[in-house]
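This note is written for a colleague who is meeting the structure for the first time. It proceeds by numbered points, beginning with a question.

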Amino acid sequence: MSKKKRKTENLLEIPKYLQNRELSWLRFNERVLEEAADPKVPLLERLKFISIFTSNLDEFFMIRVGSLHDLTRLKKTLRDPRTGLSAEEQIAAIVEIMPAMYEKRDKLYREVMSELAKEDIEELQFKDLSQSEQKAARRFFRREIQPLLSPQIIDIHHPFPFLENKKIYIFAELLRSEQKMFGLVPIRKSFPQYFILPGVKFRYILLADLMTACLDEIFPESKINKSYCLSITRNFDMTDSLDTKDEFEDYQEYMKLILKKRKRLSPVRLEVQSKLNKEAREFLLDKLELERDYIFISEAPLRLNYVFKLISEIPSARCHELSYPAFQSYDPLAEYRSSTLAIRQGDKLLSYPYEDIAGFVRLLEEAAADPDCVAIKITIYRLAENSKIVRALVQAAENGIEVTVFMELKARFDEEANIHYSNILYEAGCQIIYGFRDYKIHSKLLLITYNRRQGGLSYITQVGTGNYNENTARQYTDFSLMTAETGFGLDARDFFHNMAIGKLDGKYKYFLQSPTSFKAKILELIEREKKKGPEGYIFCKLNSLTDKDICEALASFSQAGGRARLIIRGIACLLPGIPEFTENIEIRSIVGRFLEHGRVYIFGQEQPDIYIASADLMTRNTERRVEIAVPILSTEIKERLTTYLERQWHDCEKGRQLQPNGRYAKIACDGETENSSQDYFLAEARAKAQLSKPYPQLKTARKRESFWQRLRYKLADLLIGKER
C-alpha cells in the first residue's frame, strides 16, 4: 500500500465533529476583539481589550506557533489527532487568517483612539505637535533617552545584530557619502513607552514615534531615506527541550539556563508598522531566515502593554467616566470571628472576584499565628507581586510551624518570579520542593494541620480553580472551596506525601488527580450518563476542551440521546450540533469584564455529582500535569454552583453560542432583556456587602491570642447577638 493511500485512509478516520485547537483559539481571540468593538463597553476598557488581544496573539506565536515550527523539523510528519493536519498545514492556515485579524484590530484601534480624542485623550504623531511641543518632546528625548541609546549601522564591518524577542527596533535606510546602508536603534524595554505632553488636555506621543522623528540626531552624518518600527517574535516553547537536566544538581539552576537559552530561539514572526520596500524586506528576511508570509503589517503600535499604565496616569475623574464602574467584593468570612471558625462550622465556597480573597488570606494569617497549627502545605503556580500569601507563609515558618511549599518553576512567563519567591521562602525556613521532571504541578491545594489538644490532629483543606494570587482574584472568575472535612484533609495529607516522594499514582477517597485518576473518572461519569439515554445530563464550565478521548466520549454520549451543556471560554475542539454526532451538545462562551477561569463539572440532574478542579479537559491537563479535582459534598454549595452555571448559560449579552462551523453567534434572548451574568453577580455581591455585619476586628497585630483578647472576642460575639 502506498504512503499516499495510507495517509488518505487515516484522514478519513478523523471524526468530522472535531476542529483544530489552534484555529479554535484564534476564533476565541476574535471574541476578545468583539469586546473592543462593543459600543456598550466603556472606551478605556475597549482599549484594554485591544491590548489583551494583542498580548494574547504574542503568546500564541511564541508558544503555539513556536511549537508547530519545532514539529516541522522532525523527520516524521506528526499530524493533529483531531483533524489530521500536519504542522506545516496548521501554520499555513494560521498565516492565512492573520492579515484579516490585523486589519480588524487596526480598524478598531483607529476607531477607539478617535473616540478618545473627543474626550480629550489623544495620541499624536510628532508632525502634529506644535512647535513648542516638538521642542519639549526633543528635550525629553535628549535628556532621558539619547544618553542610553545603542544605535548601530549595518555594513560589512558592523554585522546584523541579534534581535530580542518582542523588543521594538527602529530600522532605517541611510545614505552616507553616497553609500546606502541600514541603521538600527533598539528601544530599551525599560524606557517609558510614551511622553505625556504639557498642557490642559491629556495628550501624548509614543516613544517609538518620537525616536523616529529624532533619527537625524541619532545618525547625524546620514540622510534618513526611510524608517520602520519593527519587532521580532521568537519561539518560546522550550520547556523540557534541553537534554542537560541531569548535569544540574539544582533544578533552579537548570530553569535559569532555560530562561537564558529561550531568548535566542528562532524567529516565528516579524511585525512592521508600515509596509517595507523590497530592498529592506529582502534584507530582513535573509538575516532573520524568515519567509515572506511571516511578515505582518500593523498600523497599531507593535506593543500595547503600556495601555494599563497609561490609563493609570489619566485624571481619575476622566477615567471614572470612561471605565467600568468600581466594584465592591463581598467578604462573607468577615462576618465571623475568624475564617478558621467559619470553616469549622461548615464548608465555605468563595467565588472570585465577586467574593473577596481576603477571607482566604486571613485563614493563612490566622494559621500562622495559631499555637495549635503544626504544619502548612501548599502548591504554588503563580503569585501576586508583593504576595500576602508569601508573607503569611514566612510568618508561619518564623513562628515555628512546619511549612512545605511545592513551587512550580515551570509556570510559563512566571519562572523568574517563582525562583525569586522560592528563595525568600527558603530563607525564612520553609521546605521548598520543585516537583516533577516531566509534569508541572498545576493543582491549587492547601492543607493546614492542627494539633487539637482534646482529640489528635484536625485539618482545614482548601482547593481552588485558580492561583493564589490576590491581583488576579479581582480579574479572574474562580472558585475556592475551604473545608474542615476530615476525609479531605487525609486525602490532602496523602497527596502531599506522595508528591514529596515522587509518587504520581496515589489513591484517594475523594480527590481525583491528573495524570492518573482525573481523566478516568470523567470518562466513567460520561459513560454512566450515556447509559441513561435521553435522561443523561452533563453540564460543565471550563476554559478549554481539547482531549480527543473526552471529545469522542461526549459525542458518543450525545448519540445515545444524552444532553450536554458546556460553557467553554476558549478552545473547543468539539464541534456541537453536528447531525448524528453531536446534535445534543451545546457549547457557549462568555467573554466579558472578568476572565472566566473556573472549572465545574456536573454529571446528572437528580442528586448530581459535582466537582470543581484546577484542570481543564485538555490533554496537557489530563495527561501531563498534576491536577486536583474534588467533589462538592455540601447540598447548599451544590445548589449554588448549579444556579451560578444556569445564570451564565442564559447570558445573552456577553455569551455566544458555538456553531457547527466553529464560529460564534449571538445568543437569542427569548424576549428577555439582555443581561450580563457578570453584572448580575456584581450586583448580588454589592447587595450582600451592604447587608453584611462585619465582625469587629482588632486593629493591633498579634501573633498569639492572649486570654483577654479571646475574652474580648467572646464579648463581641454576644453583642452581635449570635455565635458564628
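1. What covers the buried residues of α14? The model under discussion is a predicted one. In this model, the cover of the buried residues of α14 includes two helices, α13 (358-369) and α15 (415-427), together with two strands, β11 (373-380) and β12 (402-407).

2. The residues so covered can be named. Helix α14 spans residues 388-398, and its buried residues are Ile389, Val390, Ala392, Leu393, Val394, Ala396 and Ala397. An α-helix has 3.6 residues a turn, so residues three or four places apart point the same way.

3. Both ends of α14 merit a remark. At its start, a side-chain oxygen of Ser387 comes to within 3.1 Å of the backbone nitrogen of Ile389, and Ile389 is itself one of the buried residues of the helix. After α14 comes Gly400, with a positive phi near 90 degrees.

4. For orientation, the protein as a whole may be described briefly. It contains 22 helices and 27 strands. Of its 724 residues, 56% are buried. When contacts between residues at least 6 apart in sequence are considered, 74% of them join residues at least 24 apart.

5. Helix α9 (residues 278-288) may be read in the same manner. Its buried residues are Ala280, Arg281, Phe283, Leu284, Leu285 and Leu288; the charged residue Arg281 is thus listed among them. The cover of these buried residues includes the strands β2 (152-154), β3 (168-176), β4 (179-187), β7 (223-234), β8 (267-272) and β9 (295-297).

6. The ends of α9 are as follows. At the start of the helix, a side-chain oxygen of Asn277 reaches to within 3.3 Å of the backbone nitrogen of Glu279. Just after the helix, Glu289 adopts a positive phi of about 55 degrees.

7. Is Glu173, a residue of strand β3, buried or exposed? Its relative accessibility is 11%, and Glu173 therefore counts as buried, the cut-off being under 20%. Its side chain makes a polar contact with the side chain of Tyr228, at 2.9 Å. Beyond its neighbours within four places in sequence, Glu173 is in contact with Met181, Phe182, Lys223, Ile224, Asn225, Lys226, Tyr228, Asn277 and Ala280. Of these, Ala280 is one of the buried residues of α9. The C-alpha atom of Glu173 is separated by 9.1 Å from that of Leu184, which is eleven residues away along the chain.

8. A pair of helices deserves separate attention. Helix α2 (residues 21-37) and helix α3 (residues 43-72) pack at an angle of about 170 degrees, their axes being 8 Å apart. The two helices are therefore roughly antiparallel to each other, and their crossing is left-handed. The contact of α2 with α3 comprises 13 nonpolar, two polar and five charged residues. Among the residues that meet are Trp25, Leu26 and Val32 in α2, and Phe49, Ile50 and Phe53 in α3.

9. The loop between α2 and α3 holds Asp38. With a relative accessibility of 16%, Asp38 counts as buried. Its side chain reaches the backbone nitrogen of Lys40 at 2.9 Å. Apart from its neighbours within four places in sequence, Asp38 is in contact with Arg46 and Lys654; Arg46 is also one of the α3 residues that take part in the meeting with α2.

Terms used. Residues are numbered from 1 along each chain as its sequence is written. This is a predicted model: local features need pLDDT of at least 70, side-chain atom pairs count only at pLDDT 80 or more; totals for chains, interfaces and linings use all residues. Side-chain values use heavy atoms; hydrogens and water are left out. Axes are lines fitted to C-alpha atoms, for helices over the stretch in contact, and angles run from 0 to 180 degrees between N-to-C directions. Helices (H or I, at least four residues) and strands (E, at least two) are DSSP runs, numbered from the N terminus. Angles under 35 degrees count as roughly parallel, over 145 as roughly antiparallel, 65 to 115 as roughly perpendicular and the rest as oblique. A crossing is left-handed if the near helix is turned anticlockwise from the far one by less than a right angle, and right-handed if clockwise. Contact means heavy atoms within 4.5 Å. Buried means under 20% relative accessible area, exposed over 50%, partly exposed in between (1.4 Å probe, protein chains only). A polar contact is a pair of N or O atoms within 3.5 Å; within protein, one must be able to donate a hydrogen and the other to accept it, and residues adjacent in sequence count only if both atoms are side-chain atoms.
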